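Me: Got a minute to go through a model with me? I'd like to start with how the pieces are labelled and then poke around.

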Amino acid sequence: MTRIDRKLNELRNIKFTPNVNKNALSSVLTEFGDTQVLVCVNYEDKVPLFLKNTGSGWLTAEYAMLPSATNTRNKREVKSGHQSGRSSEIQRLIGRSLRSCLDLGALGELSLIIDCDVLVADGGTRTASISGGYVALDLAIQKLTKKNLLKKNPIVRQIAAISLGILDQNIYLDLNYEEDSAADVDLNIVMDENKKIIEIQGTGEKSTFSIDQLNHMLNIAGDGIGQIINLQKTHLIK
């Protein structure tokens, strides 16, 4: 497979459009190429039972794909009576990644709920959800601070995520669906603004990969995430 629209180490066109849902505390339409994810943040003045009376807050995430997000209509998962394993795994990844941004003790007993709804899926929906989720989270924290619901900013780091793959021994950054479905190796990486790793999900789906290849992928990912973080900052002027 040959990539003709951009270089192998080049990101797709990325856009973050804040405040698209007036009912949410904060919202961001996240676009990575043709992939579109609507991220909304809301809050509740309560925490899960295991955190009650601890003074600590919580953050959780939910992830879903709209029926027409792909070229073949998907049934709504609620129709089957349970969430798919894939959706459950992705929303746990989003939740873990975004919790890593926060000093949960600084939230007090308040819960943040991150809803990630995939409008159009063309590869990288989980990494788009995390990258857009950070923007929405930061905007939500700003609003809660202005409402005097938080005594201090609980955000301790900025994060972003990106996908990579190996096709025909070449490393591709920010895969679209066609590339992702053909990849021999699939990698999703979450890093902070200092290129410190928060999570790596990697699979040799059709072949193995070496430590040298992994290190090369991490370096390429770090450069891509640095670009995403700079783009995030343009929407987060305090």
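Reply: Sure. Labels first: helices and strands here are DSSP runs, with at least four residues for a helix and at least two for a strand, numbered from the N terminus. Going by that, Ile228 has its place in helix H5. Bear in mind that this is a predicted model.

Me: Is Ile228 buried or exposed?
Reply: Ile228 counts as buried, because its relative accessibility is 1% and the cut-off for buried is under 20%.

Me: What is Ile228 in contact with, leaving aside neighbours within four places in sequence?
Reply: Leu11, Ile14, Phe16, Phe32, Ser131, Ala160, Ala161 and Ile162. As for distances, Glu193 is 35 residues from Ile228 along the chain, and their C-alpha atoms are separated by 9.7 Å.

Me: Which other residues of H5 are buried?
Reply: Among them are Gln213, Met217, Leu218, Ile220 and Ala221, plus two glycines, Gly222 and Gly224.

Me: What span should H5 have, going by its residues?
Reply: H5 covers residues 211-233, so at 1.5 Å a residue its 23 residues should span 33 Å. The end C-alpha atoms are 33 Å apart, which agrees.

Me: Switching to the core. How many residues does the largest nonpolar one have?
Reply: The largest nonpolar core has 59 residues, and Leu98, Leu102, Leu112, Ile162 and Leu164 are those with the most contacts inside it. Helix H3, residues 125-146, gives the most to this core, with 10 residues. In soluble globular proteins, nonpolar side chains tend to be buried together.

Me: What does Leu164 touch, beyond its neighbours within four places in sequence?
Reply: Its contacts include Ile171, Tyr172, Leu173, Leu175, Val185 and Asp186, and also Met217, Ile220 and Ala221. Those last three are on the list of buried residues of H5 too.

Me: Back to H3. How many of its residues are buried?
Reply: 19 of its 22, so H3 is mostly covered. On length, the 22 residues of H3 should span 32 Å, and the end C-alpha atoms are 31 Å apart, which agrees. H3 is followed by Asn148, whose phi is positive, near 60 degrees.

Me: Any other positive phi values? Where is Asn19, for one?
Reply: Asn19 sits in the loop between strands S1 and S2, with phi near 60 degrees. Gln169, in the loop between S6 and S7, has phi near 70 degrees. Asn19 counts as exposed at 54% relative accessibility, and Gln169 counts as exposed at 58%. Most residues other than glycine have a negative phi.

Me: Now the bit I'd dock into. How much space lies in the largest pocket?
Reply: About 890 Å³. The lining of the largest pocket has 37 residues, with Tyr63, Met65, Arg86, Ala121 and Thr125 nearest its centre. S4 gives the largest share of that lining, four residues.

Me: What does the side chain of Thr125 make a polar contact with?
Reply: The side chain of Tyr63, at 2.7 Å. Thr125 lies in helix H3 and counts as buried at 5% relative accessibility. Leaving aside neighbours within four places in sequence, Thr125 is in contact with Thr35, Val37, Tyr63, Arg86 and Val118.

Me: Last one: where is Arg76?
Reply: In the loop between S4 and H1. Arg76 is partly exposed, with a relative accessible area of 44%. Arg157 is 81 residues from Arg76 in sequence, and the two are 35 Å apart in space, C-alpha to C-alpha.

Definitions and conventions:
Residues numbered from 1 in each chain as written. Predicted model: local features only at pLDDT ≥ 70, side-chain atom pairs only at ≥ 80, totals over all residues. Heavy atoms only, no water. Core = buried A, V, L, I, M, F, W, Y, C linked by side-chain atoms within 4.5 Å. Buried < 20%, exposed > 50% of the residue type's maximum accessible area, 1.4 Å probe, protein only. Contact = heavy atoms within 4.5 Å. Expected span 1.5 Å × (residues − 1). Polar contact = N/O pair within 3.5 Å; in protein donor to acceptor, adjacent residues only side chain to side chain. 1 Å grid on protein atoms, 1.4 Å probe; cavity = no way out; pocket = protein on both sides within 12 Å on 5 of 7 lines; lining within 4 Å. Points joined across faces, edges and corners; volume = space filled by probe spheres on them.
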